[in-house]
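Me: I'd like to go through this one and ask why each label is used. Can you take me through it?

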Amino acid sequence: MSQKKHLLCYFSLSLLIVVFDLWTKNLATTHLEYAVPVPVYSLFDALTGFNLTLLHNTGAAFSFLATESGWQRWFFISLAVGVSIGLSAWLTRLKDDPWVALSVSLILGGAIGNLYDRATLGYVVDFLHFYWGNYHFPAFNIADTAISIGAALMVIDIFRSKDDKASHAS
């Protein structure tokens, strides 16, 4: 794949994630009441399930630093801008590694989706809410999902790369 096609393909994927993330957050914001769960799926008499629950996260993953006085907004905006620039630069050099390019594209799209929320709203819109018994997992969104999948693919790539190197060394 040429460098132009590589960049178009992977940056388009990032853009698609941003658009889908912002669209779903807009749907959640306009159709859900804040902090009121809407059951979507339940199995075994509410032992495990999935709700749509509109929440606002002023912190990072798992609401880390959410209770701080507000400085964390600017910290996370700065961090997301720096990470997005770094990921974009890295992506331009990954022409020969589609697995990592896919990972970076997913993380970049997710980072920009959450960056947009944080910069324009002061918080990130979350609405996907899973639970198991009385344990409720932190609510998340499409951007968080893309970041998590991208990170998981990178971890898998580390082991995949070790296996490839070991097979070539034999």
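Me: How much area does the protein chain expose, and what share of it do carbon and sulfur atoms supply?

Reply: The protein chain exposes about 10,100 Å², and carbon and sulfur atoms supply 70% of it. Areas here come from the Shrake-Rupley method with a 1.4 Å probe, and for residues only the protein chains shown count as cover. Bear in mind that this is a predicted model, where local features need pLDDT of at least 70, side-chain atom pairs count only at pLDDT 80 or more, and totals for chains, interfaces and linings use all residues. Residues are numbered from 1 along each chain as its sequence is written, and side-chain values use heavy atoms, leaving out hydrogens and water.

Me: What makes up the fold, and in which order do the elements run?

Reply: There are four helices and four strands, running α-β-β-α-α-β-β-α from the N terminus. Both kinds are DSSP runs numbered from the N terminus: helices are H or I with at least four residues, strands are E with at least two. Contact means heavy atoms within 4.5 Å; of the contacts between residues at least 6 apart in sequence, 63% join residues at least 24 apart.

Me: Why is S84 called buried?

Reply: Buried means under 20% relative accessible area, exposed means over 50%, and partly exposed is in between (1.4 Å probe, protein chains only). S84 has 9% relative accessibility, so S84 counts as buried. Across the protein chain, buried residues make up 34% of the 170 residues.

Me: And what does S84 touch?

Reply: S84 sits in helix α2 (residues 71-91). Leaving aside neighbours within four places in sequence, S84 is in contact with L108, A111 and I112. A polar atom of the S84 side chain also lies 2.8 Å from the backbone oxygen of A80.

Me: How do you know that F130 and F140 are stacked?

Reply: A search of the whole structure finds five aromatic pairs. For F130 and F140, the ring centres are 5.9 Å apart and the planes are at 15 degrees, so the pair is stacked. The rule takes rings of Phe, Tyr and Trp (its six-membered ring) with centres within 6.5 Å; planes under 30 degrees apart are stacked, over 60 edge-to-face, and the rest tilted.

Me: What does that pair tie together?

Reply: F130 is in strand β3 (residues 124-132) and F140 in the loop between β4 (135-136) and α4 (142-169), so the pair ties together parts that are ten residues apart in sequence. F130, at 35% relative accessible area, is partly exposed, and F140 is partly exposed at 23%.

Me: Which residue joins F130 and F140 in one aromatic cluster?

Reply: That's F50, a residue of strand β2. F50 has a relative accessible area of 15%, so F50 is buried. Not counting residues up to four places away in sequence, F50 touches several residues, including V38, Y41, L128 and F130. F50 and H129 are 79 residues apart in sequence, yet 5.7 Å apart in space, C-alpha to C-alpha.

Me: What makes A35 stand out, given its phi?

Reply: Phi of A35 is near 65 degrees, a positive value in a residue other than glycine. Most residues other than glycine have a negative phi. A35 lies in the loop between α1 (3-31) and β1, and at 40% relative accessibility A35 counts as partly exposed.

Conventions: A polar contact is a pair of N or O atoms within 3.5 Å; within protein, one must be able to donate a hydrogen and the other to accept it, and residues adjacent in sequence count only if both atoms are side-chain atoms.
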